[in-house]
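Colleague: I am new to this structure and would be grateful for a close look at one part of it, the place where its aromatic rings come together. Please begin with the whole chain and then move inwards.

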Amino acid sequence: MQHCPTGALHFRREDGGAPEQVAQRNEVRSSTDGPLYLHGDLEIHTSSGVVHDTRAALCRCGASLNKPFCDNSHLRIGFRDRGDVSLAASSASQGASGPLRVLPHENGPFVIEGAFTLVGGDGATTVNCAPRTAFCRCGQSRNKPFCDGSHSQTGFTAP
């Protein structure tokens, strides 16, 4: 279950063994035609409260009925994006550990606060990011996975 990329599957050990460990380095992966996969010490703010987790999949197509989380609506609507990341799009960080706070802005982007490594859809391109990075969650940005303000022109709504 520790290999579940979305964090939907969890376990609690009943043998007294150690619980799932937080990843040593925070990682955000921009998947091809799909969600943002996050691994690390996560604090995700939602309309119903704060979720603490080690793994999550966040919707970036804009169609999930379970925002900010992915519900595979990208498959239904035919969302397409290679998950490319631009080396010039982020600032360098001093490390990629510590808490990673996810703040979905009402009718706007995800703002992720904290240091992390961003991995592109090709799995090879990486960029160190910090301290605040805005990611598109309406699916319309021309600079995916980053927000370019398109949500304000498209009428995107989300809590």
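What percentage of the 159 residues of the chain counts as buried? And which residues do ring pairs link into a cluster?

Modeller: The model is predicted, so local features need a pLDDT of at least 70 and side-chain atom pairs count only at pLDDT 80 or more, while totals for chains, interfaces and linings use all residues. Residues are numbered from 1 along each chain as its sequence is written, and side-chain values rest on heavy atoms, with hydrogens and water left out.

To your first question: 45% of the 159 residues count as buried, where buried means under 20% relative accessible area, exposed means over 50%, and partly exposed lies in between (1.4 Å probe, protein chains only). About 8300 Å² of the chain is exposed, and carbon and sulfur atoms supply 48% of that area; accessible areas come from the Shrake-Rupley method with a 1.4 Å probe, and for residues only the protein chains shown count as cover.

The chain has two helices and eight strands, which are DSSP runs numbered from the N terminus (helices: H or I, at least four residues; strands: E, at least two). Their order from the N terminus is β-β-β-α-β-β-β-β-β-α. Contact means heavy atoms within 4.5 Å. Among contacts between residues at least 6 apart in sequence, 52% join residues at least 24 apart.

We now turn to the rings. Rings of Phe, Tyr and Trp (its six-membered ring) pair if their centres lie within 6.5 Å; planes under 30 degrees apart count as stacked, over 60 as edge-to-face and the rest as tilted. By this rule there are two aromatic pairs. In one of them, the ring centres of Phe-116 and Phe-135 are 6.0 Å apart and the planes stand at 45°, so the pair is tilted. Phe-116 belongs to strand β6 (residues 116–119) and Phe-135 to strand β8 (residues 132–135), so this pair ties together parts that are 19 residues apart in sequence. Phe-116 and Phe-135 are both buried.

Phe-135 also forms a stacked pair with Phe-146, at 5.5 Å centre to centre and with 20° between the planes. Because Phe-135 lies in strand β8 and Phe-146 in the loop between β8 and α2 (150–154), this pair ties together parts that are 11 residues apart in sequence. Phe-146 is buried, as is Phe-135. This answers your second question: ring pairs link Phe-116, Phe-135 and Phe-146 into a cluster. The loop that holds Phe-146 also contains Pro-145, and the peptide bond from Lys-144 to Pro-145 is cis, with omega near 10°.

Thr-133 also lies in strand β8. With a relative accessibility of 8%, Thr-133 counts as buried. Leaving aside residues up to four places away in sequence, Thr-133 touches Phe-110, Val-111, Ile-112, Phe-116 and Phe-146. Its C-alpha atom is separated by 6.7 Å from that of Glu-113, although Thr-133 and Glu-113 are 20 residues apart along the chain. Phe-110 has another partner: the charged end of Arg-137 sits over its ring, 5.4 Å from the centre. Such a charge must have NZ of Lys or CZ of Arg within 6 Å of the ring centre and within 35 degrees of the ring normal.

The cluster also leads into the nonpolar core. A nonpolar core is a set of buried Ala, Val, Leu, Ile, Met, Phe, Trp, Tyr and Cys residues joined through side-chain atoms within 4.5 Å. The largest has 19 residues, and those with the most contacts inside it are Val-28, Leu-38, Ile-112, Phe-116, Leu-118 and Phe-135. At least two residues of this core come from each of β2, β3, β4 (99–104), β5 (110–113), β6 and β7 (126–129), and β2 gives the most, with four residues. Ile-112 touches, among others, Val-28, Leu-38, Thr-133 and Phe-135, not counting residues up to four places away in sequence.

Strand β2 (residues 36–46) pairs with strand β3 (residues 49–58) in the antiparallel sense over nine bridges; two strands pair if DSSP finds at least two bridges between them. A hairpin of two residues joins β2 to β3, and Leu-42 stands opposite Asp-53 in β3.
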